[in-house]
Amino acid sequence: MSGILVYSEAEETALGLLTKGRSLAVELNKSLSVALLGKEANGHEEIYFAHGATYVYVGNDPALSHFQGSIYAEALNQVVNQAQADIVLIGSTRRGREIAPRLAQRLSAGCITDAISLTTQGNRLVVERRALGGNTVSARIITSPQQVISVMPGLYEAKLCLTTT
């Protein structure tokens, strides 16, 4: 497995994560994919390609027409396996906070929620999050083969990809 998968039901958050994902994908030598889930998933693929996604996975099964955390987590699980992703970046929205731990459990993956920074150290992803009531910042490296990270919305500005992948 060697890829990064991005998901958020909030388009601006997903595009921001794709922008950050592009730099991480280059630094870690991984592919970059995005998952679009739900009844309105079709027809938005081009904007995600324009923001750097190499692959766009669309799930528009009728079971996804109304949000249920366990169903969305299973849908993402299927996309993760198809995309061969070992890093999953999920927008830490209300839905994302519900999906991330469920997905991590299905994948037997390490999980960090509410990340405020993503950087690399060598060939590893370093995730920072607030700790101790927000009084300090904790830096963590997930050592499991697969990683699920929910990232606070609005951290990364969406920027178009200037090169084709």
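Is Ser117 buried or exposed? In this predicted model, Ser117 is buried, because its relative accessible area of 17% falls under the 20% limit that defines the term. The residue sits in strand E5, which spans residues 110–121, and, leaving aside residues up to four places away in sequence, Ser117 touches Val126, Val127, Glu128, Leu155 and Tyr156.

Strand E5 runs antiparallel to strand E6, residues 124–131, and E6 in turn runs antiparallel to strand E7, residues 136–141. The two pairings are set out below.

| Strand pair | Bridges | Bridge partners | Residues between the strands | Residue with positive phi |
|---|---|---|---|---|
| E5 and E6 | 6 bridges | Gln121 and Arg124 | 2 residues | Gly122, near 70° |
| E6 and E7 | 6 bridges | Arg129 and Ser138 | 4 residues | Leu132, near 50° |

For the chain as a whole, the secondary structure comes to 4 helices and 8 strands, and from the N terminus on these elements follow the order β-α-β-α-β-α-β-α-β-β-β-β. The radius of gyration is 15 Å, which agrees with the value near 15 Å of a compact globule with 165 residues, while the C-alpha atoms fill a box of roughly 40 × 35 × 30 Å along the principal axes.

Of the 165 residues, 47% count as buried, and among contacts between residues at least 6 apart in sequence, 64% join residues at least 24 apart. The accessible surface comes to about 8,300 Å², with 46% of it belonging to carbon and sulfur atoms. The chain carries 14 positive and 14 negative side chains, and the centres of these two sets lie 8 Å apart.

Methods: Residues numbered from 1 in each chain as written. Predicted model: local features only at pLDDT ≥ 70, side-chain atom pairs only at ≥ 80, totals over all residues. Heavy atoms only, no water. Buried < 20%, exposed > 50% of the residue type's maximum accessible area, 1.4 Å probe, protein only. Contact = heavy atoms within 4.5 Å. Pairing = 2+ DSSP bridges. Rg over C-alpha atoms; globule rule 2.2 N^0.38 Å. Areas by Shrake-Rupley, 256 points an atom, 1.4 Å probe, with all protein chains shown as cover. Lys, Arg positive; Asp, Glu negative; His and termini not counted. Charge placed at Lys NZ, Arg CZ, Asp CG, Glu CD.
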